[in-house]
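These notes follow a reading of the model, and they are set out as numbered points. Please read each one beside the coordinates.

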Amino acid sequence: YPAGPVPGQTLQRLLRTLGKLHRWQPCATFPDDGDYASQLAAHRGALIPPDDFDRIIHVCHTSMPSAQLQHGDAHLANALDTPRGVALIDLECTAWRPAGYDLAKLWIFLGSAPASRPAVLSALTGPARGLSGFWVAVALVAAREITSHRRHPGLPGGPARIHQLHSDLNEAITRIRHLHTALT
């Protein structure tokens with residue numbers, strides 16, 4: 001988690017590299033990790049109210065973008081800024097997921113550097129499906145991070161981090177409500 005604003009050039013270079021990964025069509029086999037409905041089910045009731053969970057599932061079934069290869073753990077500590085460009089490391093979470101997952105993960109990790117978040121949002125391209133994938137992934141990542149921080153109370157940031165994650169989850173749920181209304 002960055003302690004302050006992230007240099008704009010560093011963030012732009014990372015976003016360009018992630019964009020290249022997302023456009024890559026590898027011949028190697030990568031796992032499919034796109035079943036967000038089952039992954040979110042663990043948080044139904046505990047972190048995500050049942051009515052909102054139902055809205056999220058509806059959005060997942062009607063408006064999710066196509067799968068792209070996603071790094072799966074896209075944040076600054078997994079990106080080496082070199083003179084030739086950004087090199088992504090820590091690739092064991094790489095899988096096929098709906099477009100927007102890496103940007104959602106990065107957006108969550110930039111919670112302590114909110115001035116850097118608009119760059120992530122500006123990297124979202126395409127139709128409303130891209131927004132659906134992003135906000136559903138934000139809900140998923142925020143819920144996972146809250147659960148992790150609760151299990152391991154000594155993690156960096158403690159209560160302030162959990163507060164930010166709850167705020168991020170609530171924003172994602174609010175955005176998904178609007179997307180759901182637009183779909184119905």
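1. Two strands are taken as paired here if DSSP finds at least two bridges between them. On that footing, strand S2 (79-82) and strand S3 (residues 85-88) pair in the antiparallel sense over four bridges. At one place in this pairing Ala79 stands opposite Leu88 in S3, and at another Thr82 stands opposite Gly85. The two strands form a hairpin, with two residues between S2 and S3.

2. The model is a predicted one, which should be kept in mind throughout the points that follow. The secondary structure of the protein amounts to seven helices and four strands, and the order along the sequence is α-α-α-β-β-β-β-α-α-α-α.

3. On overall dimensions, a compact globule with 184 residues would have a radius of gyration near 16 Å, and the protein agrees with this expectation because its own value is 16 Å. Taken along the principal axes, the box filled by the C-alpha atoms is roughly 50 × 40 × 30 Å. Of the 184 residues, 48% count as buried, and among contacts between residues at least 6 apart in sequence, 77% join residues at least 24 apart.

4. On surface and charge, the accessible surface of the protein comes to about 9100 Å², and carbon and sulfur atoms account for 57% of that area. The side chains include 17 positive and 14 negative ones, and the centres of these two sets lie 5 Å apart.

5. How many of the residues of H4 are buried? Helix H4 spans residues 101-109, and it is mostly covered, with nine of its nine residues buried. The buried residues of H4 include the charged-type names Asp102 and Lys105, as well as Tyr101, Trp107 and Phe109.

6. Leu106 deserves a separate look within H4. Its relative accessibility is 1%, and Leu106 therefore counts as buried, since the cut-off for that class is under 20%. Leaving aside residues up to four places away in sequence, Leu106 touches Leu11, Leu14, Leu15, Leu18, Ala74, His75 and Val120. As for Leu11, its C-alpha atom is separated from that of Leu106 by 9.8 Å, although the two residues are 95 apart along the chain.

7. One of the residues touched by Leu106 is His75, whose place is in the loop between strand S1 (67-70) and strand S2 (79-82). Is this loop residue buried or exposed? His75 has a relative accessible area of 14%, which is under 20%, and so it is classed as buried. Not counting residues up to four places away in sequence, His75 touches Leu106 and Phe109, and both of these partners are listed among the buried residues of H4.

8. A second loop position to check is Asp90, which lies between S3 and strand S4 (95-98). Phi of Asp90 is near 60 degrees, a positive value in a residue other than glycine. With a relative accessible area of 29%, Asp90 is partly exposed, because this value falls between the limits of 20% and 50%.

9. In helix H3 (residues 50-63) the residue to inspect is Asp52. Asp52 is buried, with a relative accessible area of 4%. Once residues up to four places away in sequence are set aside, Asp52 touches Ile173 and Arg177.

10. Leu131, in helix H6 (residues 128-151), is partly exposed, with a relative accessible area of 37%. Which residues does Leu131 touch, not counting those up to four places away in sequence? They are Leu124 and Leu179. The C-alpha atoms of Leu131 and Arg55, which are 76 residues apart along the chain, are separated by 15 Å.

Technical notes
Residues are numbered from 1 along each chain as its sequence is written. This is a predicted model: local features need pLDDT of at least 70, side-chain atom pairs count only at pLDDT 80 or more; totals for chains, interfaces and linings use all residues. Side-chain values use heavy atoms; hydrogens and water are left out. Buried means under 20% relative accessible area, exposed over 50%, partly exposed in between (1.4 Å probe, protein chains only). Contact means heavy atoms within 4.5 Å. The radius of gyration is taken over C-alpha atoms; the globule rule is 2.2 Å times the number of residues to the power 0.38. Accessible areas come from the Shrake-Rupley method with a 1.4 Å probe; for residues, only the protein chains shown count as cover. Lys and Arg count as positive and Asp and Glu as negative; His and the chain ends are not counted. The place of a charge is taken as NZ of Lys, CZ of Arg, CG of Asp or CD of Glu.
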